[in-house]
Amino acid sequence: MSEKVSVDRRSFLKSAAVTGAAAFVSSAGAMTAQQAAPSGPATAPTLPPEADPPGGVDVLTTDRPGGDFMVDVIKTLNIDYVASNPGSSFRGLHECIVNYGDNKSPEFLTCCHEESSVAMAQGYFKIEGKPMAVLCHGTVGLQHAAMAIYNAYCDRVPVYILAGNSIDATMRRPGVEWDHSVQDAGALIRDFTKWDDLPVSLPHFAESAVRAYKIAMTPPMMPVLIVIDGGLQEDPISPEVKARLRIPKLTLTTPPQGDAGAVAEAARLLVSAANPVIVADRAARTPAGMKYLVELAETLQAPVVDQGGRMNFPSRHPLNHSDGGRALIASADVILGLELSDFWGTVTAFRDSLVRSSRSIIEPGTKLISIAVGDLFIKANYQDFQRYPEVDIAMAADAEATLPALVEAVKRRINADRRRVLDERGRKLAEARQKTFDRARADATYAWDASPISTARLSAELWPHIRNENWSLVSEITGISRWPMRLWNFDQYHHFIGGSGGAGVGYGAPASVGAALANRKYGRLSVSIQNDGDFMYAPGVWWTAAHHQIPLLAVMHNNRAYHQEVMHIQRMAGRHNRGITRAAIGTTIENPNVDYAKIAQGMGVHAEGPITDPKDLGPAFKRALEVVKRGEPALVDVVTQPR
Amino acid sequence: MRRSGSFLRFLAAAVTGMTILAPAVVRGQAGTPSAAPAGQKPPATPAVPAGNAQKGQQLYTSYGCYECHGREAQGSTATGPRLAPRPIAFAAFAKYVRGPSGQMPPYTSKVVSDTDLADIHAFLQSRPQPPAVESVPLLK
């Protein structure tokens with residue numbers, strides 16, 4: 001630190017205000033003197049002498065602002081990127097990141113909307129397995145980010161959020177700094193974050209920053225928030241504080257495993273079952289989870305229904321029965337649910353009719369086993385926890401962490417006789433799986449040459465261009481009737497990243513950019529099938545992709561409407577016996593049709609389209625992929641069927 | 001009356017397309033008159049109104065049928081079964097549209113006339129057969 005008297009932000013601003021006021025008074029005096037002497041030649045105004053500083057010090061710089069120490073702390077957390085739309089409430093830390101921190105670990109990602117920042121972090125984590133940081137205003141930034149934070153919360157993804165604020169009311173600049181200040185920034189999002197804090201000193205920041213990371217990364221993983229006061233960021237570090245500065249050691253929590261007794265009982269039920277079914281939602285937290293699930297399924301020769309919250313099970317594996325899984329669940333005698341977000345909905349049919357009703361689809365006496373870490377942490381306000389499931393064994397544990405013990409327990413129970421029975425079951429399941437795949441191929445031929453282009457055709461045309469690459473589908477698939485999962489061969493963890501979690505539209509585009517960023521260093525080819533309505537929420541993320549040279553092939557699923565909502569309005573109209581031709585009002589994106597290629601080009605992204613003839617798809621994909629392989633994003637806009 | 005305490009039978013929501021229709025409906029089969037007692041004429045089969053496929057396509061679009069079933073009635077595992085080509089018999093088709101037992105919303109004669117239904121049915125019948133899967137290199 002330079003040899004000057006340490007002056008904190010408060011004293012500096014006080015002296016600056018006095019100086020400024022004195023200068024203003026002097027200028028006003030000079031103007032009055034000129035006005036009083038209108039005659040005579042005009043002369044150049046004479047600037048008043050600078051006012052002497054008041055008694056005390058006039059220190060204008062510091063070599064060690066508090067934000068530098070914050071950067072030191074963040075660097076120990078091994079965070080590669082911080083996504084942010086810039087803001088004055090965190091200008092201190094921002095500058096420290098780019099200068100003191102040399103814009104490395106973390107590197108600043110310029111975003112055009114805080115929702116994009118958070119959703120990029122959500123997609124990034126699902127590939128990289130560690131959080132991205134987000135930097136935003138504690139008021140307007142968090143407000144913008146809120147929906148994306150909710151998505152990440154529901155999706156059980158940790159996002160490390162730092163939000164700027166100005167706590168000392170006497171130190172706030174008039175105007176905007178007051179609008180951007182709040183007593184309790186975390187209150188806005190506390191119901192869908194796991195933990196938040198407002199450190200009041202740099203040592204406090206260090207401890208909270210490390211604690212927040214640990215909490216975020218403990219299953220169930222969720223976003224966390226640290227509110228960073230502007231004064232802490234910008235004030236010089238005093239000798240007294242400097243003497244207390246240290247960065248605590250980060251020790252990550254070992255995920256909880258299922259109780260040994262419960263694991264043994266689950267194994268007993270599964271091995272003795274005639275028709276066991278394994279249902280997986282967010283089971284595979286890492287590639288290891290997929291490996292363990294394959295081992296369990298193969299040991300039991302049990303079918304797996306992958307609900308798609310993560311990449312849980314290879315799509316063409318003979319035991320993957322995600323298509324037609326409902327029928328298997330209905331005939332099961334034992335069902336193992338691994339990190340299901342909705343076990344009740346898995347075993348219940350619900351009718352959305354004028355009179356809503358539900359019925360169980362499983363036989364009485366069917367045993368239900370749940371392994372879900374969500375049982376350890378549920379908040380009350382937001383209802384993403386779904387209906388209460390009546391299970392027979394409820395393990396409040398992380399499924400991936402529990403699977404090795406379950407596999408071993410299952411293996412210990414299988415003797416030669418049982419092995420023969422299980423293998424016979426496996427043989428039949430494999431035959432059925434092949435038939436399902438053949439049926440999917442046959443189904444894909446319907447509307448094959450149609451325009452708008454069928455989603456089956458779109459998926460089939462894209463596959464040959466990526467199948468021999470190290471590819472990664474970084475988008476959801478429910479909007480395109482799961483065709484990629486039905487036709488392509490998903491067998492690596494990075495081949496799929498699941499969905500938004502909270503069904504908040506607007507997740508898709510930024511999440512795909514975040515996941516593509518994570519894939520970049522592995523040389524993977526990232527592909528997204530992008531819903532048009534989702535893109536319209538915050539299109540600026542494509543500029544972010546171009547600016548940061550994030551290679552990504554985005555194929556626009558341009559069906560020109562928020563089709564889910566069209567169907568909802570249709571349902572209401574049919575139910576109300578009126579106006580069934582008016583469901584397009586307020587739900588469609590046409591007239592005029594949006595030219596997504598022009599938008600993308602305007603943001604520096606190679607793009608072509610709209611494509612309406614399916615024969616043009618292959619060549620367009622080829623051209624776009626040449627761009628992506630050069631390390632840039634590219635878009636192909638395709639006019640498609642609704643689903 | 002949004003929720004009922006009573007227990008109602010119905011089909012599961014998230015199944016592959018073909019299973020949403022009620023079990024009594026069989027694709028491609030015409031309605032069969034029930035056997036009449038000896039000496040009595042069997043009840044007359046309701047006449048199937050002739051439909052106009054071109055008008056049917058317009059109605060299929062404006063009524064929003066394509067939203068769930070696709071513009072070529074090819075269906076979607078997410079939203080609604082395939083309806084064409086070779087739709088189910090008109091009588092079963094009309095019965096289901098009026099009183100669906102699955103997730104489909106009802107369309108009464110107040111909003112979709114019998115004539116409209118016949119036109120839509122004609123449009124479904126007019127859909128071409130898809131290519132044989134073996135003839136599509138992309139699906140090999």
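Domain bounds here come from an automatic or database domain assignment, and they are applied to a predicted model. Begin by colouring chain A by these parts, which are domain 1 (1-60), domain 2 (66-242), domain 3 (260-437) and domain 4 (445-639).

Next, select domain 3 of chain A together with domain 4 of chain A, whose C-alpha centres lie 30 Å apart. Between them, 13 residues of domain 3 of chain A are in contact with 13 residues of domain 4 of chain A. If you colour the domain 3 side of this contact by class, you will find six nonpolar, three polar and four charged residues.

Move then to residues 114-128 of chain A, which form helix α4, a run of 15 residues that reaches 21 Å from its first C-alpha to its last, close to the 21 Å expected at 1.5 Å a residue. Of those 15 residues in α4(A), 14 are buried, and the helix is accordingly described as mostly covered. Just beyond α4(A), select G129(A), where phi is positive, near 80°.

Now turn to the nonpolar interior. The largest nonpolar core has 175 residues, and within it V134(A) and L293(A) are those with the most contacts. Helix α5 (residues 140-154) of chain A supplies the largest share of this core, nine residues. Centre the view on L293(A): leaving aside neighbours within four places in sequence, L293(A) is in contact with A280(A), A283(A), A284(A), V304(A), N312(A), F313(A) and L403(A).

Finally, select I580(A), C65(B), A118(B) and L124(B), which are among the 30 residues of another core that lies apart from the largest one.

Notes. Residues are numbered from 1 along each chain as its sequence is written. Chains are lettered from A and ligands numbered from 1 in the order in which they are written. This is a predicted model: local features need pLDDT of at least 70, side-chain atom pairs count only at pLDDT 80 or more; totals for chains, interfaces and linings use all residues. Two residues are in contact if their C-beta atoms, placed from the backbone, lie within 7 Å. Ala, Val, Leu, Ile, Met, Phe, Trp, Tyr, Cys and Pro count as nonpolar, Asp, Glu, Lys and Arg as charged, and the others, Gly among them, as polar. Helices (H or I, at least four residues) and strands (E, at least two) are DSSP runs, numbered from the N terminus. The expected span of a helix is 1.5 Å times one less than its number of residues. A residue is buried if 20 or more other C-beta atoms lie within 10 Å of its own, exposed if 12 or fewer, and partly exposed in between; C-beta atoms are placed from the backbone. A nonpolar core is a set of buried Ala, Val, Leu, Ile, Met, Phe, Trp, Tyr and Cys residues joined through C-beta atoms within 7 Å.
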